[in-house]
Amino acid sequence: MLSWFARKKKGDERSQSVFLGETSIPDDIVVYAIGDIHGRADLLENYLVAIQRDPVDSGIAKRIVYLGDYIDRGPESRKVIDMIREMDNAGVRQTKIIGNHEEFLLRFLDNPEEGTSWLSYGGAETLLSYGVGMPAGVLSAGKLAKVAEDLRSRMEESGHLVFLQQLEDAVTIGDYCFVHAGINPDRSLEKQIPEDLRWIREPFLTHTGGFEKVIVHGHTITDEPEFRPNRIGIDTGAYYSGRLTCLRLQGRQYSIM
């Protein structure tokens, strides 16, 4: 995983905690944060087209930040990863955060015998998107190992395994920190651990104090994007609701595309 927490510059006297109304993105970029996709390539495609067409002033760069959970549950996990990689090839700057579902898949590949929980957690749909069939009957250790072997082969051939292995834990841009699930309020940003960044809900969601950055996250589904003074949640359950959320950040302005 890549290093991600930007240290404060010497002499920076800003408060150690910030709130939404005080935050900003550097003047030379526009950030588009995309919530949990879960195999909904159709919804992602709409946003990628909209982002490319979004008018910005000369000299301002566009940057897409994906908050993880590209795979599982929805029907087109493989296509989602293909589309993101194509945007890389088109020269669009992108940051890809790892979600708990990507962690689950990687754990399955390394230890198939413990993979039954992933398969029931949306992994079966991911297998189908890679053309790997679910074995009939009881999922014995041998059957699970064969499934993992077949999936690993397909993912290596497509370059998708490397894609997953290179995902980042989080990234900070300006006064925002982008993660999949959230952070542990009892730890500084520099001391966060991957388990919390990918899996946490409480006590993060109900924490009312400020963080070092405003946290932009997915993982916890809400009917609408959730704006709090210290965090913004943008997982709107795309795989079943048909609503994928993209947060646009520019300067001190923020909006939902």
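## A walk through the predicted model

The charged end of Arg231 sits over the ring of Phe204, at 5.7 Å from the centre of that ring. This arrangement, like everything that follows, is read from a predicted model, and it offers a convenient place to begin.

Phe204 also leads to a glycine, for Gly182 is in contact with Asp196, Leu197, Ile200, Phe204, Ile215 and His217 once its neighbours within four places in sequence are left aside. Gly182 itself is placed in the loop between strand S5, residues 176-179, and helix H7, residues 194-199. Its relative accessibility is 0%, and because buried means under 20%, Gly182 counts as buried. As a guide to distance in this part of the chain, the C-alpha atoms of Gly182 and Gly251 are separated by 23 Å, with their positions 69 residues apart along the chain.

The loop between H7 and strand S6, residues 214-221, holds Pro203. The peptide bond that runs from Glu202 to Pro203 is cis, with an omega near 5°.

From here the reader may turn to the loop between strand S2, residues 61-66, and helix H2, residues 77-89, where Leu67 is found. Leu67 is buried, with a relative accessible area of 0%, and, when residues up to four places away in sequence are not counted, Leu67 touches Ile34, Ile97, Phe178, Val179, His180, Val216, His217, Gly218 and Ile234. One of these partners can be followed further: Leu67 and Ile97 are 30 residues apart in sequence, while their C-alpha atoms are 5.1 Å apart in space. His217 is named among the contacts of Leu67, and His217 is also named among the contacts of Gly182.

Asp69 lies in the loop between S2 and H2 as well, and its backbone deserves a look, since Asp69 has a positive phi of about 55° although it is not a glycine. Asp69 is buried, with a relative accessible area of 2%. A positive phi in a residue other than glycine is found again at His38, where the value is near 50°. His38 has its place in the loop between S1 and helix H1, the latter formed by residues 41-53, and with a relative accessible area of 4% His38 is buried.

Strand S1, which spans residues 29-34, contains Val30. What does Val30 touch, leaving aside its neighbours within four places in sequence? Its contacts are Val56, Ile60, Ala61, Lys62, Arg63, Arg248, Leu249 and Gln250. Val30 has a relative accessible area of 0%, and is therefore buried. The C-alpha atoms of Val30 and Tyr176, which stand 146 residues apart along the chain, are separated by 13 Å.

The aromatic residues give another way through the model. A pair of aromatic rings is described by the distance of the centres and the angle of the planes. With ring centres required to lie within 6.5 Å, the count comes to nine aromatic pairs. In one of them the rings of Phe104 and Tyr121 have their centres 5.3 Å apart and their planes at 70°, so the pair is edge-to-face. This pair links distant parts of the chain, with Phe104 in helix H3, residues 100-110, and Tyr121 in helix H4, residues 116-129, at 17 residues apart. Phe104 is buried, with a relative accessible area of 11%, whereas Tyr121, at 26% relative accessibility, counts as partly exposed. Tyr121 has a charged neighbour too, for Arg73 lies over the face of its ring, at 5.0 Å from the ring centre. Elsewhere, ring pairs link Tyr66, Tyr70 and Phe163 into a cluster.

Helix H3, which carries Phe104, also meets helix H5, residues 141-158, and the two axes come within 8 Å and cross at roughly 115°. That crossing of H3 and H5 is left-handed. On the side of H3 the contact is made by Leu105, Phe108, Leu109 and Asp110, and on the side of H5 by Leu144, Val147, Ala148, Leu151, Arg152 and Met155. Sorted by class, the contact of H3 with H5 has eight nonpolar residues, no polar ones and two charged ones.

Notes. Residues numbered from 1 in each chain as written. Predicted model: local features only at pLDDT ≥ 70, side-chain atom pairs only at ≥ 80, totals over all residues. Heavy atoms only, no water. Helix = DSSP H or I, 4+ residues; strand = E, 2+ residues; numbered from the N terminus. Buried < 20%, exposed > 50% of the residue type's maximum accessible area, 1.4 Å probe, protein only. Contact = heavy atoms within 4.5 Å. Phe/Tyr/Trp six-rings, centres within 6.5 Å; stacked < 30°, edge-to-face > 60°. Lys NZ or Arg CZ within 6 Å of the ring centre and 35° of its normal. Axes fitted to C-alpha atoms, helices over the stretch in contact; angles between N-to-C directions. Left-handed = near helix turned anticlockwise from the far one by under 90°. Nonpolar A, V, L, I, M, F, W, Y, C, P; charged D, E, K, R; others polar.
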